[in-house]
Amino acid sequence: VSVGRGGTLSESKSGRKWQFVTPRGEFRVISKGVNPKWRKPDWAYVEAGEPVPPPEDPSRVVDGELGSYLLNLGDGYLIHGTKSVQLLGRPASHGCVRVGAEDLEKLYQTVPLGTHVVIFE
């Protein structure tokens, strides 16, 4: 898997800051999804040096970025797939837990809602 790469992104115009860490602690799988669409957050636009569109702008919806499945841990943190399989095993995400396609499919098929998840170093 890959977890948060660390570091902080700041937007000078508004003063907003984002930290790219995976939280440690105890969570539960609160929902699951197949072929999820990623709603691109403000930080992704700021990081790319692009203007941030309004919250409901259709350009925010991105297909295929999260892989074929996801498990939602809440507060914006997901267990999901990755296009960057070469980075698995290294801190590379913006906070979510990225998993290879085959392992992710097994997780999706076997992990019921409410499953206790512990994230630790």
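Strands here are DSSP runs of E of at least two residues, numbered from the N terminus. By that convention, H80 lies in strand β8, which covers residues 77-80. I shall come back to that histidine shortly. Please keep in mind throughout that this is a predicted model.

Let me begin with the overall architecture. The protein contains two helices and ten strands. Read from the N terminus, the order of elements is β-β-β-β-β-α-β-β-β-β-α-β. The C-alpha trace spans about 45 × 30 × 30 Å along its principal axes. A compact globule of 121 residues would have a radius of gyration near 14 Å, and the 15 Å of this protein agrees with that. Of the contacts between residues at least 6 apart in sequence, 60% join residues at least 24 apart. Buried residues account for 35% of the 121. The accessible surface comes to about 7400 Å², and carbon and sulfur atoms contribute 53% of it.

I turn now to the interior. Which residues form the largest nonpolar core? There are twelve of them: F27, V29, Y69, L71, L73, I79, V97, V99, L104, V111, V117 and I119. Two elements, β7 (69-74) and β10 (116-119), each give two or more residues to this core. The greatest contribution, three residues, is that of β7. Apart from this core lies another, of six residues, including L9, W18, W43 and A44. To return to the largest core, one of its members is I119. Leaving out residues up to four places away in sequence, I119 touches T22, P23, R24, G25, F27, L73 and V97.

The strand β7 deserves a closer look. Why is β7 described as largely enclosed by the rest of the structure? The reason is that six of its six residues are buried, where buried means under 20% relative accessible area. As for its pairing, β7 runs antiparallel to β4, residues 31-34, and four bridges join the two. One such pair is S31 with its bridge partner N72 in β7. Four bridges also join β7 to β8, again in an antiparallel arrangement. There, L71 stands opposite I79 of β8. Between the strands of this β7 and β8 hairpin there are two residues, and D75 takes a positive phi near 55 degrees. In a regular strand, side chains alternate between the two faces of the sheet.

This brings me back to H80 in β8. Is H80 buried or exposed? Its relative accessibility is 7%, so H80 counts as buried. Beyond residues up to four places away in sequence, H80 touches L66, Y69, L70, C96, V97, R98, V99 and L104. Among these, Y69, V97, V99 and L104 belong to the largest nonpolar core.

Three further positions outside the strands complete the picture.

The first is R60, in the loop between α1 (42-48) and β6 (61-63). Because its relative accessibility is 4%, R60 counts as buried. With which side chain does the side chain of R60 make a polar contact? The partner is the side chain of D42, at 2.6 Å. Setting aside residues up to four places away in sequence, R60 touches W38, R39, K40, P41, D42, Y45, V52, P53, P54 and P55.

The next is L113, in the loop between α2 (101-110) and β10. At 56% relative accessibility, L113 counts as exposed, since the cut-off for that class is over 50%. Neighbours within four places in sequence aside, L113 is in contact with V29, I30, S31 and K32. S31 is the residue already named as the bridge partner of N72 in β7. L113 and V99 are 14 residues apart in sequence, and their C-alpha atoms are 18 Å apart in space.

The last is G6, in the segment before β1 (8-10). G6 has a relative accessibility of 22%, so it counts as partly exposed. Apart from residues up to four places away in sequence, G6 touches F20 and V21. How far apart are the C-alpha atoms of G6 and G95? They are separated by 8.1 Å, although the two glycines are 89 residues apart along the chain.

To close, I would draw attention again to β7, which gives three residues to the largest core and is joined by four bridges to β4 and by four bridges to β8.

How values were computed. Residues are numbered from 1 along each chain as its sequence is written. This is a predicted model: local features need pLDDT of at least 70, side-chain atom pairs count only at pLDDT 80 or more; totals for chains, interfaces and linings use all residues. Side-chain values use heavy atoms; hydrogens and water are left out. A nonpolar core is a set of buried Ala, Val, Leu, Ile, Met, Phe, Trp, Tyr and Cys residues joined through side-chain atoms within 4.5 Å. Buried means under 20% relative accessible area, exposed over 50%, partly exposed in between (1.4 Å probe, protein chains only). Contact means heavy atoms within 4.5 Å. Two strands pair if DSSP finds at least two bridges between them. The radius of gyration is taken over C-alpha atoms; the globule rule is 2.2 Å times the number of residues to the power 0.38. Accessible areas come from the Shrake-Rupley method with a 1.4 Å probe; for residues, only the protein chains shown count as cover. A polar contact is a pair of N or O atoms within 3.5 Å; within protein, one must be able to donate a hydrogen and the other to accept it, and residues adjacent in sequence count only if both atoms are side-chain atoms.
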